[in-house]
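Here is the note on the model that we agreed to go through together. The points below are numbered so that each can be taken up separately.

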Amino acid sequence: MLQKPNDILEDLLHFYFSETIAAFPQSARRNLYGASFSEKFGNALKYFARSAKESFASSPTPLLENKVWLYVISDNNFNSLSFLENQIDENVYVTPYRYQKAGTSIVHLQHASRFRYLLGSLPKFLRLFFSGRKEVRRAWDAVFRVGGMYEYSLAILKQHRPKAIVFSNDTTLEPRSLMLAAKELDIPTFYIQHACIRTDWPPLKFTCSFLEGQDALDKYKACGAIEGDVKLIGVPKIDPYLSRKNTSKKVQNIGICSNLLDSISEVESVVAAVLEKFPNCKITYRPHPGDSRVFSSDNKALIRSNSREEKVFEFLLKQDLIIAGNTSIHYEAAMLNVVSIYYRFDRASVLDDTYGFVRNGLVEEAKSVEELVDEIRVNVVEKRDMGSKAGYYNAVLGTEDEGRSQELVVGGIRGYIGSIPKRVV
């Protein structure tokens, strides 16, 4: 069934029009759209130039026809899909960017029609720009970028005709566009959840979505009508680590984790307080991999985790307790029996427990530094056992399938690919 252009446009911009995203601090929103007119204009200009360059550049593309595409746009995506590389026949990594990973071949998807479709979309963009919609005003550089992207994605798929596509991102423009184009051409699409989600995500529209647990399913139901099949399979990327769950009886290693939503000055204050109050503990600071802000501390006892090189689970295995704000690392810690405390590092923000970890009883909340110190002290004496608290987030914890999430995904994808008749594109 042909999809209506306006429906496609609204779907692609769903995440960018989110009121939750609008409440993010500038440091986080910049990953999606500019924080000022000049930033937005710069983003649009760069995209315009990149599209023109791609349309006039000629470079050979490896054979992609009848391959299973593993679609990656970041290290998080790559780490979530890499287990498929040796388990799914005839696969290839593809990306819409110039994203690369050392030692791995990743094909940059491009097509000469990109600039032409962008130019053809300019009248629609101008109508939206002057429409007065507040969502368009605050994210108009994303509205500019989305112009012609769906038609461009169709052109890529018609040229290369993949057997299927596996995604681990269903929110941003490029993967969302390719997914909708594949849906139009009856190309099977699979989604592997790579982190905890919120209810402002766009609705699921994949052939099959492999979700981690009931939490994700409940939230996606709140996002809108679910299309395609859904399987609850746990967390594939944690499989290799479940046999090494934390068994400490008291807290000796404390991790403090920040992300782009957090006030860096507040993070510095909390780190200093924890270092002062717990001199006998090993304290490690871990920023978000995409955070380039300067974190200042002259305390030589502080250990720093290089989040761009050290995988999150390798970091968590070294901790007995972590402190973090609005981030999915809380449930990842709980699955490894690492105690987690929710602390809002940005008190001025309206965002509070955006993933529902406190509300669902997964973690304790400290509303002040004093409460935080008291909660840590309790665990220094006797570490709280997370037990089955993470079962709502990981459907296979405590079952015979614990540690077999990757196997469940591989079997599911193979079954779908084997049962779907060949398609004429």
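Is Tyr 393 buried or exposed, and what is the relative accessible area of Tyr 393?

1. Tyr 393 is buried, at a relative accessible area of 2%, and I should say at once that this value, like every other in the note, comes from a predicted model. Tyr 392 counts as partly exposed, because its relative accessibility is 31% and the partly exposed class lies between 20% and 50%. The rings of Tyr 392 and Tyr 393 form an edge-to-face aromatic pair, with 5.4 Å from centre to centre and 75° between the planes.

2. On aromatic contacts in general, the search of the whole structure returns 24 aromatic pairs. One of them joins Tyr 191 and Tyr 220 in an edge-to-face arrangement, with the centres 6.2 Å apart and the planes at 90°. Since Tyr 191 belongs to strand β5 (residues 189-192) and Tyr 220 to helix α12 (residues 214-223), the pair ties together parts of the chain that are 29 residues apart in sequence. Both Tyr 191 and Tyr 220 are buried.

3. Two further aromatic features deserve a place in the description. One aromatic cluster is formed by Phe 37, Phe 41, Phe 125, Phe 129, Phe 130, Trp 140 and Phe 144. Elsewhere in the list of ring contacts, Arg 116 lies over the face of Tyr 117, at 4.8 Å from the ring centre.

4. Turning to the sheets, 7 strands form an open sheet with parallel pairing, and their order is β3-β2-β1-β4-β5-β6-β7. Strands β3 (106-108) and β7 (227-232) stand at the edges, and because each has a single partner strand, one side of each is left without a neighbour in the sheet. From one strand to the next, the twist averages 25°. Within this sheet, strand β1 (residues 68-71) pairs with strand β2 (residues 91-95) in the parallel sense over 4 bridges, and Trp 69 has Val 92 in β2 as its bridge partner.

5. There is also an open sheet of 6 strands, again with parallel pairing, in the order β10-β9-β8-β11-β12-β13. Its edge strands are β10 (303-304) and β13 (364-365), each of which pairs on one side only. Strands β9 and β10 are joined in the parallel sense over 2 bridges, and Tyr 285 has Arg 304 in β10 as its bridge partner.

6. Strand β8 (residues 253-257) deserves separate attention, since 5 of its 5 residues are buried and the strand is therefore largely enclosed by the rest of the structure. Asn 253, Gly 255 and Cys 257 point one way from β8, whereas Ile 254 and Ile 256 point the other way, and all are buried. Strand β8 runs parallel to strand β9 (residues 282-286), to which it is joined by 5 bridges, and Gly 255 stands opposite Thr 284 in β9.

7. Helix α16 (residues 369-381) has 13 residues and reaches 19 Å from its first C-alpha to its last, which is close to the 18 Å expected at 1.5 Å a residue. The buried residues in α16 include Leu 372, Val 373, Glu 375, Ile 376 and Asn 379. These five cover an arc of only 165° around the axis, and so they lie on the same side of α16. The face of α16 turned away from that buried side carries Glu 370, Val 378 and Val 381, which are exposed.

8. Which backbone values call for a second look? Most residues other than glycine have a negative phi. Glu 90, although not a glycine, has a positive phi of about 50°; Glu 90 is found in the loop between α5 (75-81) and β2 and is partly exposed, with a relative accessible area of 44%. Asp 186 likewise has a positive phi, near 60°, in a residue other than glycine. Asp 186 has its place in the loop between α11 (173-184) and β5, and it counts as exposed because its relative accessible area is 59%, where the cut-off for exposed is over 50%.

Methods:
Residues numbered from 1 in each chain as written. Predicted model: local features only at pLDDT ≥ 70, side-chain atom pairs only at ≥ 80, totals over all residues. Heavy atoms only, no water. Pairing = 2+ DSSP bridges. Axes fitted to C-alpha atoms, helices over the stretch in contact; angles between N-to-C directions. Phe/Tyr/Trp six-rings, centres within 6.5 Å; stacked < 30°, edge-to-face > 60°. Buried < 20%, exposed > 50% of the residue type's maximum accessible area, 1.4 Å probe, protein only. Lys NZ or Arg CZ within 6 Å of the ring centre and 35° of its normal. Expected span 1.5 Å × (residues − 1). Arc of directions from axis to C-beta.
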